[in-house]
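I opened my notebook to look at one chain, from its sheet to one of its helices. Here is what I looked up, entry by entry.

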Amino acid sequence: MKIVYLDRDGVINKFPGYGDYVKSWEEFEFLPRVPEALKKLKEAGFTVVVISNQSGVGRGIYSQGALDEITGRMKSALAKEGAVIDDVRYCIHASDEQCACRKPNTGLFAELRSLGKDVLDRLYFIGDARSDIETAKNAGIKSILVLSGRSTILDAEGWETKPDWIAYDLLDAVQTVILKDRTL
Ligand SMILES: [Mg+2]
Ligand SMILES: [Zn+2]
């Protein structure tokens, strides 16, 4: 089983800022080296799944339609560069809705539930936030913190749940994933 899970904001596109959201395609800005990173994952045989909290929909700040447009345009812009995202899964609920899918909950990682530790140990979640690192821990998989978004190394030093690895950006993280996969 070769799946890599990615957060979206701060990993694929520029972090919109604390308390803000990417509300339209106009506000979506790709980070450097992302197509290259996704291409490498595909070449190495990984399925790429994006898992992102977008509570701005649940809070009525932008619509499901706007989110769908962002997803479609993100995927087609990447496809033009030969980069593929296999699946995009969102939690659109507000934090007070107590859903099972809002990270650090693992409701969007359904396929992992039946897997043993030996398999889970080889899977990764790449994210830029403390909640991503906690999500990976809750799902039983490895975590890589990228420094291309909301968190610094100093932030991570203060977290109770530490990332398994820290990477400069998505391409750097992907190179770690591929290297670890080859050496297992
Ligand atoms: Mg993020
Ligand atoms: Zn949810």
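Before counting any pairing, I wrote down the rule: two strands pair if DSSP finds at least two bridges between them. Helices (H or I, at least four residues) and strands (E, at least two) are DSSP runs, numbered from the N terminus.

I noted that this is a predicted model, where local features need pLDDT of at least 70, side-chain atom pairs count only at pLDDT 80 or more, and totals for chains, interfaces and linings use all residues. Residues are numbered from 1 along each chain as its sequence is written, while chains are lettered from A and ligands numbered from 1 in the order in which they are written.

**Entry: the sheet**

I looked up strand 5 (residues 142-146) and found three bridges joining it to strand 6, with the two running parallel. Leu145 sits opposite Ile166 of strand 6. In my margin: strands of a sheet pair through backbone hydrogen bonds, either parallel or antiparallel.

Then I asked myself: in what order do the six strands lie in the sheet? I read 3-2-1-4-5-6, in an open sheet with parallel pairing. Strand 3 (87-91) and strand 6 (165-167) each have a single partner strand, so one side of each has no neighbour in the sheet. From one strand to the next, the twist averages 25° (axes are lines fitted to C-alpha atoms, for helices over the stretch in contact, and angles run from 0 to 180 degrees between N-to-C directions).

**Entry: the whole chain**

I counted seven helices and six strands. From the N terminus, I read the elements as β-α-β-α-α-β-α-β-α-β-α-β-α.

I also checked burial: 36% of the 184 residues are buried. A residue is buried if 20 or more other C-beta atoms lie within 10 Å of its own, exposed if 12 or fewer, and partly exposed in between, with C-beta atoms placed from the backbone.

**Entry: helix 3**

Which residues of helix 3 are buried? I found Leu67, Ile70 and Met74. They share one side of helix 3, because they cover an arc of only 55° around the axis (the arc is that of the directions from the helix axis to the C-beta atoms). The face turned away from this buried side carries exposed residues, including Gln64, Arg73 and Lys80.

My last look was at what follows helix 3: Gly82, with a positive phi near 80°.
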